[in-house]
Structure formats: C-alpha cells, structure tokens
Amino acid sequence: MSDKASLAAVTSSLSIRPLTLRPQTYTLEQVAQHASADSAWVVVEGGVYDVTSFLDDHPGGKKILLKHTGKDATEQFHKMHPRKVLEKVAVQFLIGKVGDATGSGDNTVGAIENKVKKDTPEVVEQEQEQDDADSTYFGDLVPFGDPFWYQDWKSPYYNDSHRKLRAAMRRFTDEHLTPFAAEWDQAREIPPEAYKKIADYGILAAIAAGATGWPTEYAQGIPVPGGVDAADWDGFHNLIVIDEMCRCASGGILYGVLGGFGISIGPLRHFGSDELKQRILPSLLKGEKRSCLAITEPEGGSDVANIVTTAKKSDDGQYYLVEGAKKWITNGVWCDYFVTAVRTGGKGMGGISLMVVERGEGLTTRKMDCQGVLASGTTYVTYDDVRVPVGNVLGKENKGFQIIMSSFNAERAGIAIQATRFARVCLEESIKHACRRETFGKPLIEHPVIRAKLASMAQRVEVTHAWLETVVYQSTQYDQDTLTLRGGGTMALLKAQATETFEYCVREAMQIFGGAAYTRSGVGEKIERLYRDAKAYTIPGGSFEIMQDLGIRQSVKVAQIMGAKL
Ligand code: HEM
C-alpha cells in the first residue's frame with residue numbers, strides 16, 4: 001500500500017471520540033512499563049497513546065514504533081509525520097496525559113478536548129471572541145510565517161473588522177480546507193458538499209465582493225464571514241479571505257473555489273443586464289450553480305486580441321450562434337455558465353464581445369490532465385453552434401476587450417495574493433522543518449547554507465507583501481476604471497513579482513525538505529503539492545514574460561499621458 005493510501009486507510013476509519021471525562025493522568029514511570037508488543041504506549045506532546053492495536057498497521061513499520069514505546073517520542077514523531085497525523089490519526093489511541101500536563105495550548109490532549117468542545121455552537125462563539133481578544137498576536141508566531149501585522153507590528157491598513165475576518169478565515173481553513181487538501185488533490189475535485197459549505201460560509205460572496213463592495217442585493221441569506229458589517233467591506237477584507245485560504249497549501253483548492261467563479265463574477269456583476277444578474281447571481285453566490293471565464297483558445301495563449309471563436313447573430317437579431325473552442329478553462333467541467341470571449345466583429349480587439357453561454361445543446365466540456373492545481377478542473381470547452389440570447393451579452397457588442405482587460409486586473413490581484421501566501425507557506429514550513437530536522441548531528445537551521453536560503457525567501461516574501469498591500473490600498477481610494485488604466489502596468493509587474501517569488505520559494509523549500517518533499521505524503525506534503533501548482537501561477541492570467549512586457553509598456557504610456565519628462 002502506498003503512503004497516501006495507507007494514511008487514507010487509517011484516517012477514513014476514524015472518528016473523534018467525545019471525551020466526556022477529564023483524561024487520565026500517568027507518570028513517565030507508568031508509561032515506561034508499556035514498552036512491548038503486548039502493551040505499547042507512547043507519549044507525544046504530553047498525550048499518552050496506547051498504540052498496541054496499531055503496531056501492525058503503522059505505515060512506518062512495527063519495529064520503529066515499538067522502539068519508541070514506553071517513552072516520550074515527541075521529537076521523533078514530529079520528524080516523521082505532518083501535524084495532521086497527530087490530530088487525525090493518533091487521536092483514536094489517546095488514553096490520557098502525562099504528569100501534571102494542563103491540557104491546554106499545544107498539548108495534544110487540550111487540542112483534542114477543544115476539538116470535541118467545538119461541536120457546540122456556544123464554544124465556537126466563545127472561541128471566536130477569544131480569537132478576537134487575542135488578536136494582538138495571531139497565528140503560530142513563526143518568524144515571517146504570517147504578515148507583519150499578525151505579530152503586533154503596527155499597520156495603517158487594518159482595523160477590528162479585519163482582525164475578526166482573519167480569525168474566522170483561519171478557523172475555516174484549518175477545519176474545512178487544510179485537512180482535505182491531499183484528498184481533493186488526489187480525487188481531482190472539491191466535493192460538491194464541501195463547495196456548498198464554502199458558499200454557505202459566505203466565501204463565494206466575499207470573492208464576488210472583491211475590492212468593490214459586498215453584493216448585498218444578490219447575497220440575501222448569505223452571512224458575511226467573521227460577522228463583518230457588509231458596509232465596511234474593502235480590498236483588505238478581500239486580501240484576508242484569499243490569503244488565509246491559501247494556508248491550505250493547495251492551488252487546486254484556491255483555483256477550485258475562485259479560479260473560474262472569481263474571475264467570471266466581476267464581469268457578470270458589473271456588466272450584466274439586470275435581468276441576467278437577478279436570474280443567475282443569487283444561485284452562483286449560494287454555490288448552487290457555477291460559472292467560469294472562457295477566454296484562452298487552443299491556438300492563442302495570451303493573445304486575447306486575436307481570438308477566433310465566433311458568434312454570428314441570427315437574421316432576426318434575437319440570438320447568436322457560437323462556434324469554436326476554449327482551452328485551460330478553470331472549473332469548466334462543473335459549470336453552468338461560461339462567460340465567453342467571442343468574435344462578433346472584425347479583426348483585432350475592436351471585434352470582441354463577452355457573453356454568457358449557458359450549458360446546453362452544442363456545448364461540451366472535457367477535463368484536461370494537467371501538472372498541478374488538480375482539484376480545480378482545468379477544462380477544454382467546445383462550442384458547436386450554441387444558441388445564446390442577445391440579452392446574455394455583457395456590456396456592449398464589440399466592446400468586450402475593455403471588460404476583459406478590467407477583469408484581468410482583478411484576476412492578477414487574486415493571483416498575486418495567492419502566490420505571495422503560497423511563497424510564505426513555503427517559508428513557514430521550511431523554517432519549522434529546519435528547526436526540527438537534524439543532519440550531521442545538528443538541526444538544519446544551524447547550517448549557514450540553510451539560513452541563507454531562509455533569509456533569501458523571507459526578503460522576497462516581505463517585499464512582495466508590502467507592495468501587495470500598497471496596491472490593495474489604492475483599491476480603497478480609487479475606482480476600478482482608474483485602477484485599470486493607471487494601475488494596470490503596476491498590477492502586471494506585481495503579478496510577475498509574486499509568482500516569481502512563489503517559484504523561487506517553493507524551489508528553495510524543496511531543497512530544504514529534500515526527499516521529504518519529493519514524496520506525496522508526510523512532512524513535505526504541502527511543498528510537494530505547491531511545487532506542482534507553481535506553474536499555474538506564472539503562466540495563466542498573463543504569463544510572466546507578458547506581464548513584464550506589459551508592465552513597462554503600459555506604465556510608460558500612462559506616464560506619457562500624465563506628462564512625464566521622458
Ligand atoms: C501515536 C503514534 C503514531 C501514529 C498514530 C503514527 C502514524 C503514522 C502514519 C499515519 C504514518 C503515515 C504518514 C503519511 O503517510 O503521511 C506514519 C509514518 C511513519 N511513522 Fe508513525 N506514527 C506514530 C508514531 C511513530 C513514532 C514514535 C515513530 C518513530 C520515529 C514513527 C515513525 C514513522 C515513520 C518512519 C514513518 C514513515 C515516514 C515516511 O514515509 O516519510 N511513528 N506514522
């Protein structure tokens with residue numbers, strides 16, 4: 001059985017037992033008496049585990065587990081397992097705790113008690129209040145493991161509503177995304193019930209809100225995550241939602257949630273007719289229907305101005321017939337609505353329209369086999385004379401190119417946020433690993449070559465994050481048109497910067513983890529997955545090369561218009 005299969009086999013049979021009594025306390029001397037195959041106990045993080053029945057099933061082998069029974073094996077345990085093994089697998093063997101362990105904080109017993117307590121809504125609420133109260137210091141406090149303002153450094157950008165959202169999103173990600181990242185990657189999809197849970201928590205509405213405001217009219221009955229007042233919603237709330245979700249370390253989950261929906265919802269919301277919006281937005285925000293953005297074609301790549309998919313108007317002017325194909329369309333296989341770029345006029349950017357093609361006769365989708373972001377459903381779409389009512393055009397006929405450009409800006413912002421946090425996850429995981437893993441008689445962190453790698457990662461991550469915040473701040477000060485025109489070049493360069501940083505950091509993290517990140521499970525699981533996902537950040541949404549070129553070209557053009565002395 002493969003490692004992954006063995007972990008899945010072990011975890012699938014488990015459920016957390018409610019602890020109705022306080023756990024039994026044992027001394028280390030008592031634990032020492034259980035060091036044989038007849039009775040095998042092991043201590044991890046203050047918790048006492050009776051693994052006698054697990055010896056034969058242990059994926060790492062019976063011998064090594066037996067060797068560590070009868071004693072505290074916390075250090076060895078953490079070198080060999082990702083944290084989720086403790087939280088998801090070991091839980092069933094927990095029989096008590098050591099000495100006078102308090103059962104709180106990092107202690108496993110406390111964590112498990114918390115897990116059980118979480119079942120009641122009152123405790124969830126209490127936890128939220130606690131999180132908010134504790135928010136001066138937030139997270140694991142790993143250096144550079146979170147943005148500066150999480151660790152009591154001052155920032156002009158954030159207020160209490162941002163802190164509330166941060167706590168809510170962290171909890172949601174820890175409980176509903178991170179534990180399933182490997183499973184969904186392997187299954188190549190986010191299960192429908194999980195997608196619905198994400199919608200019910202208000203995350204799809206939050207993505208639709210973006211930096212432009214909560215979509216109150218279409219989000220009836222959907223909560224604002226973290227209990228944030230809808231009227232307060234701004235670009236930093238959007239940043240926090242995406243940034244925190246990325247801690248699950250899966251581009252597949254992020255693209256699965258917002259790779260298709262998130263980039264199609266802006267054009268729909270801002271350029272759709274009232275009829276269209278009333279008809280489709282509520283079901284999209286509730287996760288009952290799904291939409292994607294279909295622009296890229298098999299022949300064209302990033303050359304949007306030259307797309308060849310056509311939409312011919314009927315003689316009575318009531319509908320179009322769409323003919324052509326789109327490739328690398330995120331979420332497409334699951335979608336009901338395809339926001340599609342089509343040629344309705346002559347050559348070049350002046351002949352392009354954007355319209356909502358609804359799944360039906362003539363439209364077929366096929367899942368593509370790609371390198372990474374496996375849970376996101378990268379799709380090949382074919383249109384064979386698909387009938388589209390004229391009311392489904394977004395904006396005006398032949399004016400689609402401008403809408404595409406403005407939506408690219410939002411898409412690039414989303415990609416930059418994701419890439420920056422994924423780079424940070426690589427850094428955080430690498431620092432934790434370097435502190436735990438020993439080679440040549442000392443922890444990795446004591447090797448100068450490793451510290452140099454961590455330093456270079458931290459420098460890049462923090463610079464990129466600071467630039468990201470500066471750009472997000474502009475979204476709280478200027479309207480979208482101004483941002484697209486004046487900020488388009490900057491956004492392109494920020495996308496290039498963030499994705500290059502991600503690629504750099506995941507490469508360095510791979511080297512620090514070595515074989516552990518070359519395997520699809522175990523302590524390096526997140527890094528292994530992100531390494532496969534990284535190219536889905538430097539290529540789509542405008543490749544790195546195109547971004548660099550556009551970034552300078554557009555910035556020079558804007559500067560000329562504004563009277564720069566060039
Ligand atoms: C409560 C006790 C323990 C439980 C529930 C447990 C569970 C597991 C699980 C589920 C895996 C598969 C991990 C994966 O595929 O991601 C694993 C692997 C492994 N375990 Fe344990 N384990 C325990 C204690 C220990 C101890 C004390 C050691 C001693 C060093 C150990 C050594 C290993 C090794 C060497 C592997 C293989 C790692 C790899 O493939 O990279 N385990 N264990």
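Start by selecting residues 352–358, which form strand β10. Six of the seven residues in β10 are buried, so that the strand is mostly covered. The model on screen is a predicted one.

Keep β10 selected and add residues 337–343, strand β9. The two strands run antiparallel and are joined by seven bridges. For a single pair to look at, pick T340: M355 of β10 stands opposite T340.

Now add residues 393–394, strand β13. Strand β13 also pairs with β10 in the antiparallel sense, here over two bridges. Which residue of β13 is the bridge partner of M355? Select V393, and the pair is complete. M355 therefore has T340 opposite and V393 as a bridge partner in β13.

Next, step back to the whole chain. The protein chain has 566 residues, and 47% of them count as buried. Colouring by secondary structure should bring up 21 helices and 15 strands. Among contacts with a separation of 6 or more, 75% come from residues 24 or more positions apart.

Colour by domain after that. The domain assignment gives four ranges to select:

- domain 1, residues 3–114
- domain 2, residues 177–259
- domain 3, residues 290–398
- domain 4, residues 408–561

Show domain 2 and domain 4 together. How far apart do their C-alpha centres lie? The distance is 20 Å. Domain 2 puts 21 residues into the contact, and domain 4 puts in 19 residues. To find the domain 2 side, select α9 (181–187), α12 (235–245) and α13 (251–259). Each of these helices supplies at least two residues of the side that touches domain 4. Colour that side of domain 2 by residue class: eleven residues are nonpolar, six are polar and four are charged.

For the last stop, go to the sheet that contains β1 to β5. Five strands make up this open sheet, and across it the order reads β1-β5-β4-β3-β2. The pairing is mixed. Select residues 24–26 for β1 and 35–36 for β2 to see the edge strands. Each of these two pairs on one side only.

Then move inward to β4, residues 47–50, and β5, residues 94–98. These strands run antiparallel, with three bridges joining them. Where does V48 find its bridge partner in β5? Select G96 to see it.

Note on methods
Residues numbered from 1 in each chain as written. Predicted model: local features only at pLDDT ≥ 70, side-chain atom pairs only at ≥ 80, totals over all residues. Domains from an automatic or database assignment. Contact = placed C-beta atoms within 7 Å. Helix = DSSP H or I, 4+ residues; strand = E, 2+ residues; numbered from the N terminus. Nonpolar A, V, L, I, M, F, W, Y, C, P; charged D, E, K, R; others polar. Buried ≥ 20, exposed ≤ 12 C-beta atoms within 10 Å, placed from the backbone. Pairing = 2+ DSSP bridges.
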